[in-house]
Amino acid sequence: MKILVTNDDGIDATGLRVLVECLREFGELLIVAPKKAQSGMSMAVSMGYRPLAVKHVCDKPGESWWYMDGTPASCIKYGLDNIMYPRVPDLVVSGINHGDNAATASIYSGTVGAAMEGAVGGIPSICVSFGNFSADADMSVAARFLPDVLRRLIPNMNGRFGEFYNVNIPDVPAQEIRGVKVCRMGKGHWVKEYQDYGQFLSDRMMTPSEEDKAYLEAAEPGEKMVVMAGYFRDYDFDTERADHLYLRQGWITITPGNMDNTDYQEVERLCGIIS
């Protein structure tokens, strides 16, 4: 099996290394990851006729490592069109993301967007996320349970065009993992997402990174600095098989998705009115 691998946290991310370790038993790996973090990019592509750096980092037995200074979806495109062509991978896998991508978070995720890019090409695709946002997160639980999840999922994907599978693993001790649940995407979402940057740092006793300091120093007169944070809001009716709720209870979740966003029920309803 030939597997194209990427992530959205960048080529040096812990989650990518853990994912590669989990995938080695399944076949030959081509890793094309962003040069730096590209979180929140969904299916965005790097365009505009600007130069994009690409580098072949190294080869190891059964795997080849590359980076591209672009979005996760762009990394999938480059892997398909420029490295593997005319071959087509048997599988696209993206992750392991630092932070879960359950409920509506999956809409924004570059990790999920990369899997959707594979699905656009008719390639069976999986994205994997872990419920800890820290760059140095301990992913031993993911490393322990993900291989078995993949052994069960990969042979049973339906092969339908546009299908992808969003896997989330909770950040709990191994003994608290309750099993695997197949779910739907939850409808909870984030609110009050932009907050004052200085107050945000003060509340958390944090200091700006060197990169952020340079950005602050380059601010134009009158500019206000904000940061994306916010609060997650559940809906009272959002209880039946919602992925984020199962995740909180210690379940590994698999949420099937499809890049076809058509609301077929609404098509039928409108056809009876308009057509």
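## Pockets, cavity, helix contacts and backbone

H3, helix H4 (110–120), strand S7 (163–169) and strand S13 (251–258) each give at least two residues to the lining of the second largest pocket. The model is predicted. The largest pocket has a volume of about 1500 Å³, and the second largest has about 450 Å³. There is also 1 cavity of 30 Å³ or more. Two helix contacts and three backbone features follow the spaces below.

**Second largest pocket**

- S13 is the top contributor to the lining of the second largest pocket, with 4 residues.
- The lining of this pocket has 17 residues, and Phe164, Met185, Gly257, Asn258 and Asn261 are the closest to its centre.
- By class, the lining of the second largest pocket has 7 nonpolar, 8 polar and 2 charged residues.

**Largest pocket**

- The volume of the largest pocket is about 1500 Å³.
- Its lining holds 33 residues. Nearest the centre of the largest pocket are Ser39, Gly40, Phe133, Met228 and Ala229.
- Five elements each place two or more residues in the lining of the largest pocket: strand S5 (91–98), helix H3 (105–108), helix H7 (210–217), strand S11 (226–228) and helix H8 (243–248).
- H7 gives the most to the lining of the largest pocket, namely 4 residues.
- The lining of the largest pocket divides into 17 nonpolar, 9 polar and 7 charged residues.
- H3 is listed for the largest pocket, and H3 is listed for the second largest pocket too.

**Cavity**

- A probe the size of a water molecule, rolled over the atoms, shows where empty space is left.
- The structure holds 1 cavity of 30 Å³ or more.
- The largest cavity contains about 70 Å³ of space.
- One run of names in its lining is Gly122, Ile123, Pro124 and Ser125. The lining of the largest cavity also includes Met157, Asn158, Gly159, Arg160, Phe161, Gly162, Glu163 and Tyr165.
- By class, the lining of the largest cavity has 5 nonpolar, 5 polar and 2 charged residues.

**Helix H1 against helix H5**

- Helix H1 (residues 14–23) and helix H5 (residues 140–153) have axes that come within 9 Å and cross at roughly 45°.
- That angle makes H1 oblique to H5.
- The crossing of H1 and H5 is right-handed.
- On the H1 side, the contact is made by Val18, Leu19, Cys22 and Leu23. On the H5 side, Ala142, Ala143, Leu146, Pro147 and Leu150 make it.
- Which classes make up the contact of H1 with H5? The residues are 9 nonpolar, no polar and no charged.

**Helix H2 against helix H4**

- The axes of helix H2 (residues 72–84) and H4 come within 7 Å, and they cross at roughly 30°.
- Angles under 35 degrees count as roughly parallel, so H2 is roughly parallel to H4.
- H2 and H4 cross in a right-handed way.
- H2 brings Pro72, Ala73, Ile76 and Lys77 to the contact. H4 brings Gly110, Gly113, Ala114, Glu117 and Gly118.
- The contact of H2 with H4 has 4 nonpolar, 3 polar and 2 charged residues.
- H4 also supplies at least two residues to the lining of the second largest pocket.

**Backbone features**

- Tyrosine 85 and proline 86 are joined by a cis peptide bond, with omega about 10°.
- Proline 86 sits in the loop between H2 and S5.
- Glycine 95 and isoleucine 96 are joined by a cis peptide bond as well, with omega about -15°.
- Isoleucine 96 belongs to strand S5. S5 also gives two or more residues to the lining of the largest pocket.
- Serine 42 is not a glycine, although its phi is positive at about 50°.
- Where is serine 42 found? Serine 42 is in the loop between strand S2 (28–34) and strand S3 (54–60).

Terms used. Residues numbered from 1 in each chain as written. Predicted model: local features only at pLDDT ≥ 70, side-chain atom pairs only at ≥ 80, totals over all residues. Heavy atoms only, no water. Axes fitted to C-alpha atoms, helices over the stretch in contact; angles between N-to-C directions. Parallel < 35°, antiparallel > 145°, perpendicular 65-115°, else oblique. Left-handed = near helix turned anticlockwise from the far one by under 90°. Contact = heavy atoms within 4.5 Å. Nonpolar A, V, L, I, M, F, W, Y, C, P; charged D, E, K, R; others polar. 1 Å grid on protein atoms, 1.4 Å probe; cavity = no way out; pocket = protein on both sides within 12 Å on 5 of 7 lines; lining within 4 Å. Points joined across faces, edges and corners; volume = space filled by probe spheres on them.
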